[in-house]
Amino acid sequence: MNINYNPYSKEFWKDPWTIYKQLRDNDPVHCMEDFGGAWALSRFEDIWNAHLGSYKDYTSRFGTSPPPLLLGEDSGPGHVSIPTNDGQDHRDYRNTIAERYTQPSIAQMEKDIRKLTQEELKPALKTGKLDIHEVARRVSLFTIADMIGIDREVALKARHFIDIFYERDPNIVGATPKGQEAFGQCMGLMLEMAETWRKDVPPSPSHINTWVNKRVREDTFMTNEQIAGNTSMLIITGSDTVPFNTANLFFYLNQHPQQLEMIKKDFSLIPNAFEECVRFDHPTNILGRKLVKDLELHGKKMKKGDAVIYLYQSAGRDEREFKDPDAFDILRPTPTRNLNFGHGPHKCLGHHLAKLEGRIIIEEILTSIPNYTLKEKEAKRMFGEFLQGYRRMPIEFDPS
């Protein structure tokens, strides 16, 4: 069966689920000949095992996102950032800030995140209009900015550049020229700030204070390029998935009003609903690695150096792993395995933070605005090979 899978295709963005099922059923290890012979894994089990094979079978040192893996573009900070390291290097760089992201440490942030959410909601409550994505974006962005130790205005400026970088034109494969320029501006801003932070270090326990003052290893301090790369990486990852998934969740609850009423009556259902939404419509569409050795899977012989991408949206709808996977169900039993935040040594560092932010934002919106009308026709979905989800999710309500 000839399957036309092109993650940059506008036609594919309109209905990815049909293509994903075709891949899972007929070509689970799909050769992407138009992208240098890269491979696409679409089944949950194969992606799960690939995560377990990190370091042993795969390397992150050549990038983990579509631009370097599929288009051969520069991966930005390369091996100097936390995600694009392997083995001991990955553990050493990750451990510089890992203690801040443990569940007990993140739990201590609940009061501050709740206060921030209430502050972001307050102006909108007087107007009767609110964009779910925008509120979630500002809460998650300001939270990660405070943890990094950067001014919120600087974070907003960097986020603006990043948003331009992720805007896609269906007639252009990958980033637009304007997007590439914006990414360069973001990195330039971060490098400029790194010079400033060397002279005027933000106070502890900020990430920058740690990166400037503490050795990664006995003989290694972080360079300005590394600090800039990790700062931009955290701004991106720390303010993308939570806003998209929160907006997506309100959209799907609007499609399932009985489930919305269940949540309004019982906020303890929110964490499971948040996770179910990630499974159902994963905001992070693609990540991947390169092979460090030849590997055969489902009869396909992949070679050392080949790029392999993981289709998380497809994995979340795999009927081999999930019962009735195309049904959105906030009461779905918690799966023993999931790829919502990755798996293995590269599992998302901020998964506890993301789940806490999502829960608090949803609780505060439904507490302040128990009755609202979601303006579905005005909702705007962002499409792209990497990130997908609702970029605008407006609701209207009686002003307080």
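How many disulfides does the count come to in this structure? By the rule that a disulfide is a pair of cysteine sulfur atoms within 2.5 Å, the count comes to 0 disulfides. Before you select anything, note that this is a predicted model, in which local features need pLDDT of at least 70 and side-chain atom pairs count only at pLDDT 80 or more, while totals for chains, interfaces and linings use all residues. Residues are numbered from 1 along each chain as its sequence is written, and side-chain values use heavy atoms, with hydrogens and water left out.

**Stop 1: two cysteines**

Select Cys348 and then Cys277, whose sulfur is the closest cysteine sulfur to that of Cys348; the two sulfurs are 16 Å apart, which is too far for a bond. Cys348 has a relative accessible area of 31% and is therefore partly exposed, a term that covers the range between buried (under 20% relative accessible area) and exposed (over 50%), as found with a 1.4 Å probe on protein chains only. Cys31 also counts as partly exposed, because its relative accessibility is 26%.

**Stop 2: helix 13 and its two neighbours**

Helices here are DSSP runs of H or I with at least four residues, strands are runs of E with at least two, and both are numbered from the N terminus. Two packed helices are described by the angle between their axes and the distance between the axes. The axes are lines fitted to C-alpha atoms, for helices over the stretch in contact, and the angles run from 0 to 180 degrees between N-to-C directions.

Select residues 241-255, which are helix 13, together with residues 270-280, which are helix 15: their axes come within 9 Å and cross at roughly 95°. That makes helix 13 roughly perpendicular to helix 15, since angles of 65 to 115 degrees get this name, whereas those under 35 count as roughly parallel, those over 145 as roughly antiparallel and the rest as oblique. On the side of helix 13 the contact (heavy atoms within 4.5 Å) is made by Asn245, Thr246, Asn248, Leu249 and Tyr252, and on the side of helix 15 by Ala273, Phe274, Cys277, Val278 and Phe280. Sorted by class, this contact has 7 nonpolar, 3 polar and no charged residues; Ala, Val, Leu, Ile, Met, Phe, Trp, Tyr, Cys and Pro count as nonpolar, Asp, Glu, Lys and Arg as charged, and the others, Gly among them, as polar.

Now add helix 14, residues 257-265, whose axis comes within 5 Å of the axis of helix 13 and crosses it at roughly 115°. Here Leu253, Asn254 and Gln255 of helix 13 meet Pro257, Gln259, Leu260 and Ile263 of helix 14, and by class this contact has 4 nonpolar, 3 polar and no charged residues.

**Stop 3: paired strands**

Two strands pair if DSSP finds at least two bridges between them. Select strands 4, 12 and 9, which form an open sheet in the order 4-12-9 with antiparallel pairing. Strand 4 (129-131) and strand 9 (373-374) stand at the edges with a single partner strand each, so one side of each is left without a neighbour in the sheet. Strand 9 is joined by 2 bridges to strand 12, residues 394-396, and Thr373 stands opposite Glu396 there.

Move next to strand 5 (residues 286-291), which pairs with strand 3 (residues 58-59) in the antiparallel sense over 2 bridges, with Tyr58 opposite Leu291. Strand 5 is also joined to strand 8 (residues 307-311) by 5 bridges, again antiparallel, and Ile286 stands opposite Leu311.

**Stop 4: helix 3 and His90**

In helix 3 (residues 44-52), the buried residues are Phe44, Asp46, Ile47, Trp48, Ala50 and His51. Their cover includes strand 3, strand 5 and strand 8, as well as helix 16 (312-316).

His90 lies in helix 5, residues 87-94, and counts as buried because its relative accessibility is 2%. Leaving aside residues up to four places away in sequence, His90 touches Tyr55, Ile82, Asn85, Pro345 and His346.

**Stop 5: backbone details in loops**

Select Ser204 and Pro205, which are joined by a cis peptide bond with omega of about 10°; Pro205 is in the loop between helix 10 (177-199) and helix 11 (207-213). His298, in the loop between strand 6 and strand 7 (300-302), has a positive phi of about 50° although it is not a glycine. Asp324, in the loop between helix 16 and helix 17 (351-368), has a positive phi near 45° and is likewise a residue other than glycine. His298 is partly exposed at 43% relative accessible area, whereas Asp324 counts as exposed at 52%.
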